[in-house]
Amino acid sequence: MNELGRAIADHIARNGPIGFDEYVAHALYTPGLGFYAGGGGAGRRRDFLTSPEVGPLFGAVLGRALDAWWDELGRPDRLVLVEAGAGPGTLARTLIASRPRCAEAGALEVVLVEPAEAQWATHPDGVRSRVDLPVPGTFGDAAVVVLANELIDNLPFGLVELTDVGWCEVLVSTEGDRLVEAHRSLEPKRAAWCWGKSGRAAPLGTRIPVLADAASWLAGALDLVAASRGGRVVLFDYTSRSSELARRPWTDWVRTYASHGRAGHPLEDPGSRDITVEVPVDQLASVDEPSSERPQAEFLRAHGVDELVAEGRARWTELGIAGGIEAIAARSRVHEADALLDPTGLGAFGVLEWVRPA
Ligand SMILES: C[S@@+](CC[C@H](N)C(=O)[O-])C[C@H]1O[C@@H](n2cnc3c(N)ncnc32)[C@H](O)[C@@H]1O
C-alpha cells in the first residue's frame with residue numbers, strides 16, 4: 001500500500017469504514033498526497049486532455065459566448081466570470097487572449113476557483129485565484145457567470161448498491177493491508193430514493209452514484225448568481241441519467257485516469273490516479289431544473305466556432321508558412337474544432353445552463 005493508502009487505512013482503523021465519497025475526497029484532494037494536490041491533472045504533459053487543453057479555440061468560443069451573455073444582460077459595468085475547477089488556468093488564459101468585447105470595455109473581472117494551490121502557478125496575470133466558491137453577495141451588484149469545465153465529475157461522490165439485503169451504501173474498509181469495499185444498509189427513505197432512480201426492475205448488483213456534493217456545489221453557485229445582477233451557471237461535463245447508469249456496470253461510469261490512459265481499480269494506490277464519474281443530470285436537476293441542456297458541439301456552433309475556424313483557414317491561406325506562429329495557430333483551429341466537435345468524444349459532452357436574467 002502507498003503512503004496515502006496507509007493514511008486512509010489508519011483513519012479507517014480509528015474511525016470505522018468511510019463512505020465512497022469520503023474516500024474519493026482523500027484520494028483526490030489530501031494535501032500533498034492526493035491526485036490533484038500532488039500536481040496531477042489536465043494538460044498535454046499531465047494526465048488527460050480536456051477541451052481547453054486541446055488548444056486556444058475553446059477559450060476563444062467561450063469569449064464570444066461571454067460577450068453574447070454580457071449583451072443579453074444589457075452590458076453591465078461589471079461582469080464577473082467565476083471559473084470553478086480552473087485547474088492550471090488554461091481556459092481563462094485563452095479566453096482573455098481572445099480579447100472579448102466585455103474585457104476590452106473594462107467590464108470583465110475573472111476569478112478562478114481552484115482548491116489545489118499547486119495549480120495556481122500558471123493562472124494568468126490579473127485574475128484572482130481562490131480555494132472555494134465566493135459566498136453570495138461577494139460581488140455587490142455585478143453580473144456573475146459561473147463556469148465549470150469537467151468539475152462536477154471530479155467532486156466526491158457516493159455509491160449505492162442493491163444487495164440481497166436491499167439498497168446499501170458502498171463503504172471503504174480494510175482487509176489485511178488492502179482497502180476493500182463494505183456495505184451498510186440504507187434507511188427506508190434513502191432506499192426509496194434509490195428505487196426511484198434505478199427503476200423498479202433493477203437486478204441485484206445494480207449500482208448508482210450519489211452526487212450530494214455536486215448538488216450542494218450547484219446550490220451555492222445558483223445562490224451566488226441569484227444574489228447578483230443576473231447571470232448564469234454553465235457546466236460542461238460528460239453527462240448521463242441515473243436510470244441509464246443503473247443499467248450499466250459501475251466500472252463503465254466510474255473511471256480512473258493517469259498519464260493519458262485509463263488506470264485500474266479506484267481503491268488501488270489512492271492519489272496515483274484521477275477518479276471521475278459520469279454526471280447524472282437528473283440529480284442536478286433536482287436542485288433546480290436547468291434552462292437548457294445540449295451537446296457541446298451544438299453549444300460551440302451556436303457561439304460561432306465555425307466562423308472562427310473559417311477565419312483561421314483564411315488567415316492561413318493569406319499568410320502561409322511565412323506567417324510563422326500566427327499562421328500555424330490559425331491553421332490548427334481546423335484540427336482543434338475536429339476534436340471539440342467530435343460526436344463520439346468531446347462534442348457529445350453535455351452543456352447545462354441555468355440562466356438568470358438581470
Ligand atoms: C478535471 S479538472 C478540470 C480542470 C479544467 N477545468 C480543465 O477543463 O482542464 C477538475 C478540477 O477541479 C478542481 N476542484 C475539485 N474540487 C473543487 C471544488 N470544490 N471547487 C472548485 N474546484 C474544484 C480540481 O482540483 C481540478 O483541478
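Guide: Welcome! A residue counts as near a molecule if one of its heavy atoms lies within 4 Å of it. By that rule 19 residues surround the ligand, and the closest are Y29, T50, G85, E114 and N149. This is a predicted model, where local features need pLDDT of at least 70, side-chain atom pairs count only at pLDDT 80 or more, and totals for chains, interfaces and linings use all residues. Residues are numbered from 1 along each chain as its sequence is written, and side-chain values use heavy atoms, leaving out hydrogens and water.

Visitor: What makes the pair between T50 and the ligand a polar contact?

Guide: A polar contact here is a pair of N or O atoms within 3.5 Å. An N or O atom in the T50 side chain is 2.6 Å from a ligand oxygen, so the pair qualifies. E114 places a polar side-chain atom 2.7 Å from a ligand oxygen, and for the Q119 side chain the distance is 3.4 Å, so these pass too. The protein buries 92% of the 600 Å² that the ligand exposes when taken alone (Shrake-Rupley method, 1.4 Å probe).

Visitor: Which classes make up the shell around the ligand?

Guide: Ten residues are nonpolar, six polar and three charged. Ala, Val, Leu, Ile, Met, Phe, Trp, Tyr, Cys and Pro count as nonpolar, Asp, Glu, Lys and Arg as charged, and the others, including Gly, as polar.

Visitor: And what of the lining of the largest pocket, by class?

Guide: That lining has 21 nonpolar, eleven polar and ten charged residues.

Note on methods: A polar contact is a pair of N or O atoms within 3.5 Å; within protein, one must be able to donate a hydrogen and the other to accept it, and residues adjacent in sequence count only if both atoms are side-chain atoms.
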